[in-house]
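Okay, thanks for squeezing me in today. I'll put the structure up on the screen and just walk through it, so have the sequence handy.

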Amino acid sequence: MIYPLRLETARLWTRPVTMEDQQPWAAFLAHPEASRYLPNPEGYSPQLRAQLWMERQLGRYADQSYGVLALIHKETGAFIGQCGLITQTVDDLAELEVGYHIFPQYWRQGYASEAAKAFRDLAFENGLRDSIISIIDRHNIGSQAVARNNGMQLEKATQFRDLDVFVFRIWHDQWLQLKNNPASSSV
């Protein structure tokens with residue numbers, strides 16, 4: 001499957017990130033609450049971190065290893081964050097992660113859950129993996145709630161990029177049960 005760079009949900013659409021997205025992303029990385037759970041190499045400015053982040057995503061697109069996409073609000077056209085599938089190595093195992101980052105002014109409005117579910121569905125509908133994970137800092141309660149809303153369950157605590165994290169996972173069979181039960185709040 002070729003990774004689609006444009007998905008649509010009820011309120012959002014996606015596009016590839018570009019180097020022009022560095023400034024809003026640098027502002028996100030400079031926000032202490034928004035970026036406190038992300039790796040932060042010592043001495044790296046938010047501008048440098050944003051540049052490296054965008055370059056990494058463009059590289060992922062180029063080598064077909066997925067990558068996060070810009071989330072655009074359909075009604076306003078605002079760039080509100082990023083979400084997507086990312087190949088990761090966790091405890092020496094190759095994994096497929098759904099990752100999400102929402103700008104603070106859009107928190108607690110359901111955008112992260114909406115986007116994460118779209119990428120979860122994309123992965124399972126296209127048979128990309130038997131399971132999907134989200135890697136979340138152990139103190140990031142908001143992102144843990146998004147993972148649970150995405151039908152994921154806490155699997156383990158581990159280290160990832162020198163951070164203490166939880167790994168949340170959903171298996172294909174669990175996803176099918178959610179899809180077959182429309183009354184479930186996780187779909």
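So, H73 sits in strand β2, which covers residues 66–73. Is H73 buried or exposed? With a relative accessibility of 10%, H73 is buried, since the cut-off for that label is under 20%. If you skip residues up to four places away in sequence, H73 touches R11, L12, A78, I80 and Y111. And before anyone asks, yes, this is a predicted model.

Let me zoom out for a second. The protein has six helices and seven strands. Reading from the N terminus, the order is β-α-α-α-β-β-β-α-β-α-β-β-α. The radius of gyration comes out at 16 Å, close to the 16 Å from the globule rule for 187 residues, so the protein is as compact as a globular protein of that length. Along the principal axes, the C-alpha atoms fill a box of roughly 45 × 40 × 35 Å.

How much of the protein is buried? Of the 187 residues, 50% count as buried. The exposed surface is about 9400 Å², and carbon and sulfur atoms supply 50% of that. As for contacts between residues at least 6 apart in sequence, 61% of them join residues at least 24 apart.

Now the inside. In soluble globular proteins, nonpolar side chains tend to be buried together. Here, the largest nonpolar core has 50 residues, and the ones touching the most other members are W25, L85, V98, Y100 and F119. Which element gives this core its largest share? That's helix α4, residues 111–125, with eight residues.

Take F119 from that list. Leaving out neighbours within four places in sequence, F119 contacts Y3, L7, T14, L69, C83, G84, L85 and V98. There's also a second core, separate, of six residues, and V90, F160, V165 and V167 are among them.

Next, the strands. β3, residues 79–90, pairs with β4 in the antiparallel sense, over 10 bridges. If you want one pair to find on the screen, T87 has L96 in β4 as its bridge partner. The two strands make a hairpin with two residues between them, and D91 in that hairpin takes a positive phi near 50 degrees. How enclosed is β4? Eight of its 10 residues are buried, so β4 is largely enclosed by the rest of the structure.

There's another hairpin further along, made by β6 and β7, again with two residues between the strands. Strand β6, residues 153–160, runs antiparallel to β7, and seven bridges join them. Q159 has D164 in β7 as its bridge partner. What about the turn itself? R161 sits in the loop between β6 and β7, and R161 has a positive phi of about 50 degrees although it is not a glycine. R161 is partly exposed, at a relative accessible area of 46%.

R108 is worth a look as well. You'll find R108 in the loop between β4 and α4. Its phi is near 60 degrees, a positive value in a residue other than glycine. Buried or exposed, then, for R108? Exposed, at 80% relative accessibility, where the cut-off is over 50%.

On to helix α5, residues 141–149. The buried residues there include S143, Q144, V146 and A147. Why do these four end up on the same side of α5? They cover an arc of only 155 degrees around the axis, and that puts them on one and the same side. As for what they pack against, the buried residues of α5 meet β4 (93–102), α4, β5 (131–137) and β7 (163–171). Just after α5 comes G151, with a positive phi of about 85 degrees.

One last stop: N126, in the loop between α4 and β5. N126 is partly exposed, with a relative accessible area of 38%. How far is the C-alpha atom of N126 from that of L154? The two C-alpha atoms are separated by 24 Å, and the residues are 28 apart along the chain.

That's my tour, and I'm happy to go back to any of it.

Definitions and conventions
Residues are numbered from 1 along each chain as its sequence is written. This is a predicted model: local features need pLDDT of at least 70, side-chain atom pairs count only at pLDDT 80 or more; totals for chains, interfaces and linings use all residues. Side-chain values use heavy atoms; hydrogens and water are left out. A nonpolar core is a set of buried Ala, Val, Leu, Ile, Met, Phe, Trp, Tyr and Cys residues joined through side-chain atoms within 4.5 Å. Buried means under 20% relative accessible area, exposed over 50%, partly exposed in between (1.4 Å probe, protein chains only). Contact means heavy atoms within 4.5 Å. The arc is that of the directions from the helix axis to the C-beta atoms. The radius of gyration is taken over C-alpha atoms; the globule rule is 2.2 Å times the number of residues to the power 0.38. Accessible areas come from the Shrake-Rupley method with a 1.4 Å probe; for residues, only the protein chains shown count as cover. Two strands pair if DSSP finds at least two bridges between them.
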